Amino acid sequence: MDAQAGMGLGVTIIWMVILFGIMYFLMIRPQKKEQKRLAAMLSAMEVGDSVVTTSGFYGVVIDMTEEDVIVEFGNNKNCRIPMRKQAIAEVEKAEEASA
């Protein structure tokens, strides 16, 4: 009886390891990839780039600091809003926007 119980425990541990591996490849790995892509995009952002915020507003970066950006929205030059870099969802380079 003890040999069968030990064998059942071994199979259970193997299944747990397999399930953790599947969870890693389906959930954790893609999330880390997306975080790296977003960090690279934000670090490559420059003044003059067109951006889309996480709330869906389109604007142009007019000033940057280490953690914040000032974005100008619309044609009104008085509509400048400071925000965190993490609030930016997409960046389009100035060269690509004019082409």
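**Strand β1 and its surroundings**

Me: Which residues does T53 touch, not counting those up to four places away in sequence?
Reply: T53 touches F73, M83, A87, I88 and A89 when residues up to four places away in sequence are left out. Contact means heavy atoms within 4.5 Å. This is a predicted model, where local features need pLDDT of at least 70, side-chain atom pairs count only at pLDDT 80 or more, and totals for chains, interfaces and linings use all residues. Residues are numbered from 1 along each chain as its sequence is written, and side-chain values use heavy atoms, with hydrogens and water left out.

Me: Is T53 buried or exposed?
Reply: T53 counts as buried because its relative accessibility is 4%. Buried means under 20% relative accessible area, exposed over 50%, and partly exposed in between (1.4 Å probe, protein chains only).

Me: And which strand is T53 in?
Reply: T53 is found in β1. Strands (E, at least two residues) and helices (H or I, at least four) are DSSP runs, numbered from the N terminus.

Me: How many bridges join β1 to β5?
Reply: Four bridges join β1, residues 50–53, to β5, and the two run antiparallel. In β5, V91 is the bridge partner of V51.

Me: What is the strand order in the sheet?
Reply: The open sheet has five strands in the order β4-β3-β2-β1-β5, with antiparallel pairing. Two strands pair if DSSP finds at least two bridges between them. The edge strands, β4 (80–84) and β5 (88–92), each pair on one side only.

Me: New topic: which residues form the largest nonpolar core?
Reply: That core has ten residues, among them V51, F73, M83 and I88. A nonpolar core is a set of buried Ala, Val, Leu, Ile, Met, Phe, Trp, Tyr and Cys residues joined through side-chain atoms within 4.5 Å.
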